[in-house]
Amino acid sequence: MSSCFLDEETFCQCCQLLLQHSHSLCDGWSWEQVKGSEEGYLRKTALGTGRTRCNLDQQGNSSDQHQERTFSLSFHNDDEDDDGAVCCIQEESSSSSVVQYEYHILYSCSYQTPVLYFRASTLEGRSLCLEEVWDSVHPNYRQRLQHRPWDTITQQEHPLLGQSFFVLHPCRTEEFMMPVLKAALDEHRQVNYIVTWLSVVGPVVGLDVPLSYCTQVPEPPHTPSSSPQPPSSSPQPPSSSPQPPSSSPQPPSSSPQPPALGTKPG
Amino acid sequence: MADDKDVLRDVWFGRIPTCFTLYQDEITEREAEPFYLLLPRMSYLTLVTDKVKKHFLKVMKAEDIEEMWFDFEGTSLKWHYPIGLLFDLHASNTALPWSITVHFKNFPKCDLLHCPSNSVIEAHFMSSIKEADALKHKSQVINDMQKKDHKQLWMGLQNDKFDQFWAMNRKLMEYPTEEGGFRYIPFRIYLTMSDRPFIQKLFRPISPDGHTHTLGDLLKEVYPVAIPNDDESKRYQVVIHGIEPLLETPLQWLSEHLSHPDNFLHISVIPAPSD
């Protein structure tokens, strides 16, 4: 279904519109451009809370001599009598503490969706390990992560920087984006893909999206594509003050209006 | 003329003779001898080095052992890259055996992913296969497979079972005849002279007007620096599985025959050796 996918150009446009609103709120999003290319990503650092283990040293190793730092990340599956171990997080002395988060929003051309990468460290500069990150996920979301491997948080290499980050796996994005996009279409509402997507995945990893994003950030103007498009609402001029919500309704159309699927020539 | 199937076997059974030496600052109870091993090009470091760990454990105390990691000439080796790719990228034009240094302390956590168990390797491997199929078939083939089929792909890799692996993998290599090829080709071009680890873009094997794209076409589009101009000498080598395929090779053929088990074409662009 093309309507829940995002081409790279639309991704960039959605990000720029999000950025404008972010500047007006001074809430810290920036656009990082990759040297020598048109690619880039959104970046933000924020302080949040997380659960960290107090008995780890700077290297993230346990200072307890007899502590076995083995844990199994075998994901328990609903429809299988597997080796049943849901991710074994050791119940050690963990406590709530202030955590420094760094969030990156990148575009995945393989899945044609945005992907959320993040890093987390204590205020002393020690990076959190995967178990601590899992521990820090809000209890409301934890069950979902444990039982569906493809929704999970894993460590991955950042495709543009080459460093290790945590990632929320993107391959189920269309499942939650599709109903939202369809509803918006039916109700003639503007939807900024990135804002909508972020408001779903962000809170899982401690990133809150203020409500004003959903009302104030418009969707990018539609580019002409091969499929018939109804005329779009006028593009918003760049400004530093918050935009009033768009009052002109989208004209009803008989066919869904997918964002143009960006295919490279050739 | 070699059968195309022979290429699949040659790729699968490629090996790199390697010498593992313990890092000199590691604390040992007695001198550690180097350990020699033939590494499978298509596997992953952490999957095939249990013997290496056991060997060095014999001369070390348990409390001096943390997560094992490897470096080559100061560059930490990413276990989540296939072994053959690591060699082509970092050690192509050096003498064999490949000399790798083994560490048990000071894990470089900014650069390397942790690998606490084989489940992590399996998850990473399956994630790559899934991504490759998203590009080739909009995930239809991989999603139609059952859990046990996914397991078969992983077990084939883990246990070095060519037939078991390909019995399943051949489904991921099919495409509707009228299409002429996959939707997009799963590839990554790795560069040594850049901060960026790799280039990955959408690229079709057949152009809209039916023209078959070649390796040269791909490079021209996404990394033209790699292709020499007519009048200048070659500055870079374009290496897949230790060989330099002709730039005229059809990309679809390369994808079907020279992909790694994760279904990606991992292409290294390295400086050509100066004579």
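In the predicted model, Tyr190(B) faces Ser268(B), a residue of β9(B). This pair belongs to the contact between strand β6 (residues 187-191) and strand β9 (residues 265-271) of chain B, which run parallel and share five bridges. Helix α9 (residues 215-222) of chain B packs on the sheet. Its contacts reach β6, β7, β8 and β9 of chain B. The direction of α9 makes about 60 degrees with that of β6(B).

The sheet itself is open and has four strands. Their order in chain B is β7-β6-β9-β8, and the pairing is mixed. The edges are taken by β7 (198-199) and β8 (236-239) of chain B. Each has a single partner strand, so one side of each lacks a neighbour in the sheet. Strands of a sheet pair through backbone hydrogen bonds, in either the parallel or the antiparallel sense.

The pairing of β8(B) with β9(B) is antiparallel and spans four bridges. Within it, Val238(B) has Val269(B) of β9(B) as its bridge partner. The side chains of β8(B) alternate in direction: Tyr236(B) and Val238(B) point one way, Gln237(B) and Val239(B) the other. All four are buried. A second helix, α4 (residues 83-91) of chain B, also meets these strands. Helix α4 lies across β6, β8 and β9 of chain B and runs at about 15 degrees to β9(B).

Two annotated domains in chain B come from unreviewed UniProt entries. The record places "domain: Autophagy protein ATG5 UblA" at residues 11-104 of chain B. Over that range the chain is 24% helix and 28% strand. The C-alpha atoms at its ends lie 31 Å apart. The record gives residues 184-269 of chain B for "domain: Autophagy protein ATG5 UblB". Here helix accounts for 17% and strand for 19%. The end C-alpha atoms of residues 184-269 are 21 Å apart.

Three backbone features of chain B stand out for inspection. Most residues other than glycine have a negative phi, and most peptide bonds are trans. The peptide bond from Leu96(B) to Pro97(B) is cis, with omega near -5 degrees. Pro97(B) sits in the loop between α4 and β5 (98-103) of chain B. Asn106(B) has a positive phi, near 55 degrees. This residue falls in the loop joining β5 to α5 (118-137) of chain B. With a relative accessible area of 54%, Asn106(B) is exposed. For Asn263(B), phi is also positive, near 75 degrees. Asn263(B) belongs to the loop between α10 (251-257) and β9 of chain B. Its relative accessible area is 1%, so Asn263(B) counts as buried.

Chain A contains six helices and six strands. Along the sequence, its elements follow the pattern α-β-β-β-β-α-α-β-β-α-α-α. Of the 266 residues in chain A, 47% are buried. Among contacts in chain A with a separation of 6 or more, 63% join residues 24 or more positions apart. The accessible surface of chain A is about 12,900 Å². Carbon and sulfur atoms contribute 53% of that surface.

Confidence values accompany the model. The average pLDDT of chain B is 94, and 99% of its residues score at least 70. For the complex, the predictor reports an ipTM of 0.91 and a pTM of 0.83.

Notes:
Residues are numbered from 1 along each chain as its sequence is written. Chains are lettered from A and ligands numbered from 1 in the order in which they are written. This is a predicted model: local features need pLDDT of at least 70, side-chain atom pairs count only at pLDDT 80 or more; totals for chains, interfaces and linings use all residues. Side-chain values use heavy atoms; hydrogens and water are left out. Two strands pair if DSSP finds at least two bridges between them. Helices (H or I, at least four residues) and strands (E, at least two) are DSSP runs, numbered from the N terminus. Contact means heavy atoms within 4.5 Å. Axes are lines fitted to C-alpha atoms, for helices over the stretch in contact, and angles run from 0 to 180 degrees between N-to-C directions. UniProt positions are given in the numbering used here, feature names are shortened, and annotations may be inferred rather than shown by experiment. Buried means under 20% relative accessible area, exposed over 50%, partly exposed in between (1.4 Å probe, protein chains only). pLDDT is the predictor's confidence in each residue, from 0 to 100. Accessible areas come from the Shrake-Rupley method with a 1.4 Å probe; for residues, only the protein chains shown count as cover.
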